[in-house]
Amino acid sequence: SSANTDTSPHYPSSYNSPYIVAVAATDHNDNLASFSNYGATTVDLAAPGVSILSCQPGGGYQLLSGTSMATPHVAGVVGLAMGRFPLAAPLFIKQLLLTAVDVKPQLAGKCLTSGRLNAFLTIADPDTLPPGAVTDLASTETGSSHARLAWTATGDDGSTGRASAY
């Protein structure tokens with residue numbers, strides 16, 4: 001209903017429980033769907049929910065849109081994570097799900113993580129190699145309310161590869 005659930009709660013997603021995962025819907029460009037609820041603190045993440053190929057009653061398929069299309073994507077990834085980490089506690093699975101999102105600038109302020117569901121990262125092996133050390137951090141400009149920093153980006157794994165985000 002395009003509502004901000006931070007100010008206009010929607011149930012059951014707005015119940016005060018750490019076990020709830022509230023989901024917004026996005027389109028194929030990762031933009032919030034026009035019909036989707038949102039909330040910087042009350043919606044956890046977003047998932048595809050526009051023009052999703054779905055089964056239809058009586059057989060066949062149809063394209064449907066809604067958070068009812070986005071939420072099953074999240075439930076499926078939760079199932080994958082529970083299969084990958086069978087002894088994990090439910091809140092660990094939720095945290096894994098939320099930290100593995102693809103952060104999207106257009107979702108900033110629209111959901112807690114500012115991100116869209118990422119199934120692969122949720123079940124991937126943890127990254128155990130730290131990035132290389134920054135050795136040339138310098139302040140290039142300072143003011144009464146700001147500072148500009150510069151450095152040479154290191155590799156993602158020591159000096160190898162490239163970091164995906166900063």
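A residue is taken here as buried when its relative accessible area is under 20%, as exposed when that area is over 50%, and as partly exposed in between. On this scale serine 139, at 47% relative accessibility, counts as partly exposed, because its value falls between the two limits. The structure described is a predicted model, and the account below moves from the strands β7 and β8 to the nonpolar cores, and then to individual residues of the backbone.

Serine 139 belongs to strand β7, which spans residues 138-142. When neighbours within four places in sequence are left aside, serine 139 is in contact with Arg148 and Leu149. The C-alpha atom of serine 139 is separated by 6.4 Å from that of alanine 150, although the two residues are 11 residues apart along the chain. Leucine 149, one of the two contacts of serine 139, is found in strand β8, residues 147-150. With a relative accessibility of 49%, leucine 149 likewise counts as partly exposed. Leucine 149 also contributes, together with Val134, Leu137 and Trp151, to a nonpolar surface patch of about 400 Å².

In the interior, the largest nonpolar core consists of 12 residues, namely Val23, Ala25, Ala33, Leu45, Ala47, Ala70, Val74, Val77, Leu97, Leu98, Val101 and Leu117. Two or more residues of this core are given by each of β1 (23-26), β2 (45-48), α1 (67-84) and α2 (90-99). The largest share, 3 residues, comes from α1. A second core, separate from this one and made of 5 residues, includes Val43, Ala46, Leu107 and Cys111. Among the members of the largest core is alanine 33, which touches Ala25, Thr26 and Val50 when residues up to four places away in sequence are not counted.

Helix α2 can be followed further through its buried residues, which are Ile93, Lys94, Leu96, Leu97 and Leu98. These buried residues of α2 pack against β2, α1 and α3, the last of which covers residues 119-123. Two of them, Leu97 and Leu98, are members of the largest nonpolar core.

A further buried position is serine 54, which lies in strand β3, residues 52-55. Its relative accessibility is 12%, and serine 54 therefore counts as buried. A polar atom of the serine 54 side chain lies 2.9 Å from the backbone oxygen of isoleucine 52. Apart from residues up to four places away in sequence, serine 54 touches Gly60, Tyr61, Gln62, Leu64 and Met69.

The backbone was also examined for unusual geometry. Most residues other than glycine have a negative phi, and most peptide bonds are trans. Against this background, tyrosine 11 and proline 12 are joined by a cis peptide bond, with omega of about 20°, and proline 12 is placed in the segment before β1. Aspartate 30, in the loop between β1 and β2, has a positive phi, near 65°, without being a glycine. Its relative accessible area is 13%, so aspartate 30 is buried. Serine 114, likewise not a glycine, has a positive phi of about 55° and is found in the loop between β5 (102-103) and β6 (115-116). Serine 114 counts as buried because its relative accessibility is 17%, a value under the 20% limit.

Methods
Residues are numbered from 1 along each chain as its sequence is written. This is a predicted model: local features need pLDDT of at least 70, side-chain atom pairs count only at pLDDT 80 or more; totals for chains, interfaces and linings use all residues. Side-chain values use heavy atoms; hydrogens and water are left out. A nonpolar core is a set of buried Ala, Val, Leu, Ile, Met, Phe, Trp, Tyr and Cys residues joined through side-chain atoms within 4.5 Å. Buried means under 20% relative accessible area, exposed over 50%, partly exposed in between (1.4 Å probe, protein chains only). Helices (H or I, at least four residues) and strands (E, at least two) are DSSP runs, numbered from the N terminus. Contact means heavy atoms within 4.5 Å. Patches are made of residues with over 30% relative accessible area and no salt bridge: like charges are joined within 9 Å, nonpolar side chains (Val, Leu, Ile, Met, Phe, Trp, Tyr) within 5 Å. Accessible areas come from the Shrake-Rupley method with a 1.4 Å probe; for residues, only the protein chains shown count as cover. A salt bridge is a side-chain nitrogen of Lys or Arg within 4 Å of a carboxyl oxygen of Asp or Glu. A polar contact is a pair of N or O atoms within 3.5 Å; within protein, one must be able to donate a hydrogen and the other to accept it, and residues adjacent in sequence count only if both atoms are side-chain atoms.
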